[in-house]
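Let's walk through a structure together, one feature at a time. Keep the 3D view open and click along as we go.

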Amino acid sequence: MHNIRTTSPDLLTPALNRRHALLGTLGLLALPMATQHAVAAAPAKSKQAHPAVWPNASQVPGGVARLSLGPSAKRPTAFAGDVPLLVMGDAIEWTALLGIPLAATPGEASITVRAENGSEKQVAYTVTDKQYREQRLTVAPRTVDLSPEDEARYVRERDHQAGVMATLTDLRPDAVLQMRVPVPGRRSSSFGLRRVFNGQSRNPHSGMDIAAGTGTPVLAPLPGRVIDTGDYFFNGGTVWLDHGGGLLTMYCHLSRVDVKVGDVLKTGEKLAAVGATGRVTGPHLHWGVMLNRAMVDPALFIAA
Ligand SMILES: [Zn+2]
């Protein structure tokens, strides 16, 4: 039961209700926070060679690190453990973009960089601690524990999703990694929220919830290829997009899916409609961004 909810973005109805109720009352507070984030990020961006390309770096659990790999004639390969990383750039400067898992331990870490001639080096980075908010709830046990049938279904779906998450295709040479929001609406800052139900820790919230009515079109934030669609126990109507280089995005609780596996979408093309399917009661989009198999904060990718 411990890892029963590894991939579920939204765990329980009461949690979501409360969060949305909170968002409703604190909406005016939530929006200025988003603005502050954009303002704070602006000075750093002016120093970048390609200001319109990269997400904002934030070397915390659930964040993204941009690690310089230096010059080389050919693109080097880089790995976190044995998971290949997204590498962009040119002969003058290559950069690895690393997704840092929410479960990462703060402190020193390193990636492995392999040159074309097979030589390897380590590139070190520091993960800074981040205290995500915690939500403690007491709910009826029935809403926490799954029936044997539901658990069996969930395990099947989790295994299927694990295969989807391992998708790795080449990055387009002209790739841009800053995204447009898939749905207009109030964006929660609940990424990383630690959830404790009846005293038991669950996996933290691994995406961004965007408040929007059922039927609101969900648009591709970047060019991408559809790699999975389905109707899952926790996530409801779901679409996964592959943007290359191990960068994937997921869309959950959809009321309608308008694409099929293999479809290639341009930025802004409609892929689905917002809904309240899966383990939720209120309509909203759960948006997940995955990099080298780590769910990272979508807010880092939104173009200011
Ligand atoms: Zn969510």
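**Reading strands, burial and cavities**

The model is predicted. β13 and strand β17 (residues 264-265) form an antiparallel pair held by two bridges.

Q: Which residue of β17 is the bridge partner of Gly224?
A: Look for Leu265, the partner of Gly224 in β17.

Q: What else does β13 pair with, and in which sense?
A: Strand β13 (residues 224-232) also runs antiparallel to β14, and seven bridges join the two. To see the register, start at Thr229, whose bridge partner in β14 is Val239. Then go to Gly230, which stands opposite Thr238 in β14. The link from β13 to β14 is a hairpin through three residues.

Q: And how many bridges does β14 make with β15?
A: Five, again in the antiparallel sense, with β15 covering residues 247-254. One pair to click on is Gly237 and its bridge partner in β15, Leu254. These two strands form a hairpin as well, with four residues between them. Check Gly244 in that turn: its phi is positive, about 90°.

Q: Is β14 mostly covered or mostly open, and how many of its residues are buried?
A: Mostly covered: in β14 (residues 236-242), seven of the seven residues are buried.

Q: How should I think about a nonpolar core?
A: The general idea is that in soluble globular proteins, nonpolar side chains tend to be buried together. Here the largest nonpolar core has 37 residues. Those with the most contacts inside this core are Val218, Leu247, Tyr251, Leu271, Leu285, Trp287 and Phe301. Several strands each supply at least two of the core's residues, among them β4 (86-90), β11 (208-211), β14, β15 and β18 (270-273). The top contributor is β19, which gives four residues.

Q: How do I judge whether a single residue is buried or exposed?
A: Use its relative accessible area: under 20% is buried and over 50% is exposed. Glu157, in helix α3, has a relative accessible area of 12%, so Glu157 counts as buried. Pro173 lies in the loop between α3 and β9. At 82% relative accessibility, Pro173 is exposed.

Q: What does the side chain of Glu157 reach?
A: The backbone nitrogen of Phe233, at 2.7 Å.

Q: Which residue's C-alpha atom is 8.2 Å from that of Pro173?
A: That of Met88, and the two residues are 85 apart along the chain.

Q: What about Ser188: where is its place, and is Ser188 buried or exposed?
A: Ser188 is in the loop between α3 (148-165) and β9 (194-197). Its relative accessibility is 6%, so Ser188 counts as buried. The side chain of Ser188 also makes a polar contact, at 2.9 Å, with the side chain of Ser190.

Q: Last one: how do I read cavities?
A: Rolling a probe the size of a water molecule over the atoms shows where empty space is left. Searching the whole structure turns up two cavities of 30 Å³ or more. The largest has a volume of about 60 Å³.

Q: Which residues line the largest cavity?
A: Its lining includes Val83, Pro84, Met165, Ala166, Leu168 and Leu248, along with Asn292 and Arg293. By type, the lining residues divide into six nonpolar, three polar and one charged.

Technical notes. Residues numbered from 1 in each chain as written. Predicted model: local features only at pLDDT ≥ 70, side-chain atom pairs only at ≥ 80, totals over all residues. Heavy atoms only, no water. Buried < 20%, exposed > 50% of the residue type's maximum accessible area, 1.4 Å probe, protein only. Polar contact = N/O pair within 3.5 Å; in protein donor to acceptor, adjacent residues only side chain to side chain. Pairing = 2+ DSSP bridges. 1 Å grid on protein atoms, 1.4 Å probe; cavity = no way out; pocket = protein on both sides within 12 Å on 5 of 7 lines; lining within 4 Å. Points joined across faces, edges and corners; volume = space filled by probe spheres on them. Nonpolar A, V, L, I, M, F, W, Y, C, P; charged D, E, K, R; others polar. Core = buried A, V, L, I, M, F, W, Y, C linked by side-chain atoms within 4.5 Å.
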